[in-house]
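The exercises below ask the reader to work through one chain, from single residues to the sheet and the core. Each task is followed by a solution that proceeds step by step.

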Amino acid sequence: PQGGPPPATPSRFSFQGSVPDNRVQHVIHIVMDGLRSDYLAKGGPAFSKLLKEGACTLNARHDWASSQTLPNHIGMFTGLIVDQHGFSEDKDDGGKLVDADEHPFENIFDLVAANGGKTGFYGSKDKFAVFDRSWKMDHYEMQLRAKNLVPIFLEDMNTKLYNFAFLHVRSADRAGHKDSGNGNGGAAKPMYLEAVQEADGYLGQVMDLIEQNAGLRGKTAIIVTADHGFADYGNHGDEQQYENFRVPFCVSAPGVAPGADLAKLNAPSNGGIVVDPGNSRGGEYDPIIRNSYSAVLAADFLGIKTSDGPFSNQYLSVGDKPTAAAGSIIEASSAEDSEEEDAQEEEADEKPDKPEDVAHDKLDKPEDQEEEDDEKPDKPEEPTEEAEEIIPLEEEDEWDIQDQDGPTEEEPSAGFDWEQWLVDRPHWNVPSPTGGEETTPQEVQEG
């Protein structure tokens, strides 16, 4: 590993997991909060690159028992489902994440630290403080806005070269929740797609950093998933709703089968154990690809394997060559979009009228109210006079889509000129952290 204390158990931190031809020394786990699988192909160039160069399934599942943020993140860091870790509430109660015997759950942060690696946590919800209290981290960063958080992450990852880093991108979830109190929440409004496109831009910046930093290039895995999806109308509170429980699960790294469908690659017909749940939630303990496998896969890349528990069962193959039966995730995504469009046309006349979109550039919520949205049931409240009050839009909250003005770096790592990157980088679809002129929805679509 790059820096850090001497490995506590060097043989377990070998950087040689079960991934074929593995050269990974760094894993970046990105959770796109509230990202629906069917929007991945609509997001932009970074998501398209991920689908083409990585191995993905667009039919993964969140936790069987919960469609809420915190229970799913606990699972993603421990490999445990709610039935195993027992934390079903979507709030930080001020305690620590421990089992019935007051022992901390095995987790990716402590495992990497125990083996001499460095970790960083970059989140955007206050409830994530429970992770900082519970586990060993070299750095914990909390910013409520992705446009403030991502530049800090990029600067730190550029120099600190974490062996495991977590990055939380809140954009889609925040857009989906906006105006839910007035009955106008959900993924059907244009603002949700705009937020997905913004999240695409942040992913693109992370990809740029990896490519241009000699310490990361050819040695880094990106794992992208979501804690839950988002219903067209309302929110993600109903864990039995298809748009909520279906999430993407993608990985891009050296040795990964480019364009492969992870579910088919790991199907019994290919010697795997993964079951395709179709349109159902599947069983609680069925061998379905769930977001809770994220940390297990990260440990696998880093060559960390325990004697028991989730981190001992590293069953997911990401392959170095897709087999004929593995299929193409890109083709599957395109075919699915066509089927959805046909179905929507056939059912258009049968559907009842739906609530109109509210102009998203005129409304906003206090930050504490946004935190509470995750805990609300999937039933919009009746509008009241108080709920209809127009709240001024904060300057930092404008949905202006501009180039990312990332921070400068006084001591860039070898092989990477941070300031030159600011000049040469692609014009990713993200807002400036310093604000800027307001952009109309039409300009967003064109930009």
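Buried means under 20% relative accessible area and exposed means over 50%, with partly exposed in between (1.4 Å probe, protein chains only). The model is predicted, so that local features need pLDDT of at least 70 and side-chain atom pairs count only at pLDDT 80 or more, while totals for chains, interfaces and linings use all residues. Residues are numbered from 1 along each chain as its sequence is written, and side-chain values use heavy atoms, with hydrogens and water left out.

**Exercise 1. Determine where Leu161 is placed, and whether Leu161 is buried or exposed.**

Helices (H or I, at least four residues) and strands (E, at least two) are DSSP runs, numbered from the N terminus. On that basis, Leu161 falls in the loop between α6 (146–160) and β5 (164–169). Its relative accessible area is 8%, and therefore Leu161 counts as buried. The backbone deserves attention as well, for phi of Leu161 is near 50 degrees, a positive value in a residue other than glycine. Most residues other than glycine have a negative phi.

A neighbour in α6 completes the picture. Asp156 lies in that helix and is buried, with a relative accessible area of 12%. Contact means heavy atoms within 4.5 Å; leaving aside neighbours within four places in sequence, Asp156 is in contact with Tyr122, His139, Leu161 and Tyr162.

**Exercise 2. Identify which residues of α1 are buried, and explain why they line one face of the helix.**

In α1, which spans residues 45–53, the buried residues include Ala46, Phe47, Leu50 and Leu51. Viewed down the axis of α1, its buried residues fall within an arc of 140 degrees (the arc of the directions from the helix axis to the C-beta atoms), so they line one face of the helix. Pro45 and Lys52, on the other side of α1, are exposed. The general background is that an α-helix has 3.6 residues a turn, so residues three or four places apart point the same way.

**Exercise 3. Work out the strand order of the open sheet, and state which strands stand at its edges.**

Two strands pair if DSSP finds at least two bridges between them. With this criterion, 7 strands form an open sheet in the order β2-β7-β6-β1-β5-β3-β4, and the pairing is mixed. The edges are held by β2 (55–61) and β4 (139–142), each of which has a single partner strand, so one side of each is left without a neighbour in the sheet. Direction ignored, neighbouring strands of this sheet are turned by 15 degrees against each other on average; axes are lines fitted to C-alpha atoms, for helices over the stretch in contact, and angles run from 0 to 180 degrees between N-to-C directions.

At one edge, β3 (residues 119–123) and β4 run parallel and are joined by 4 bridges, with Tyr140 in β4 as the bridge partner of Phe121. At the other edge, β2 and β7 (residues 246–252) pair in the antiparallel sense over 5 bridges, and Ala55 has Val251 in β7 as its bridge partner. Although β2 is an edge strand, 7 of its 7 residues are buried. Helix α2 (residues 69–78) lies across β1 (26–32), β3, β5 and β6 (220–225), running at about 165 degrees to β1.

**Exercise 4. Find which cysteines a disulfide joins, and say why the disulfide is right-handed.**

A disulfide is a pair of cysteine sulfur atoms within 2.5 Å, and by this rule the count comes to 1. The disulfide joins Cys56 to Cys250, with an S to S distance of 2.3 Å. The torsion about the S-S bond of Cys56 and Cys250 is about 120 degrees, and therefore the disulfide is right-handed. The pair links distant parts of the chain, since Cys56 is in strand β2 and Cys250 in strand β7, 194 residues apart. Cys56 is buried, at 0% relative accessible area, and Cys250 also counts as buried, at 1%.

**Exercise 5. Establish which residues of the largest nonpolar core touch the most other members.**

A nonpolar core is a set of buried Ala, Val, Leu, Ile, Met, Phe, Trp, Tyr and Cys residues joined through side-chain atoms within 4.5 Å. Of the 92 residues in the largest one, Ile30, Ile108, Phe131, Leu203 and Phe301 touch the most other members. Helix α8 (residues 190–212) supplies the largest share of this core, 10 residues. Leaving aside neighbours within four places in sequence, Phe131 is in contact with Leu70, His73, Ile74, Phe77, Leu97, Phe121 and Met137.
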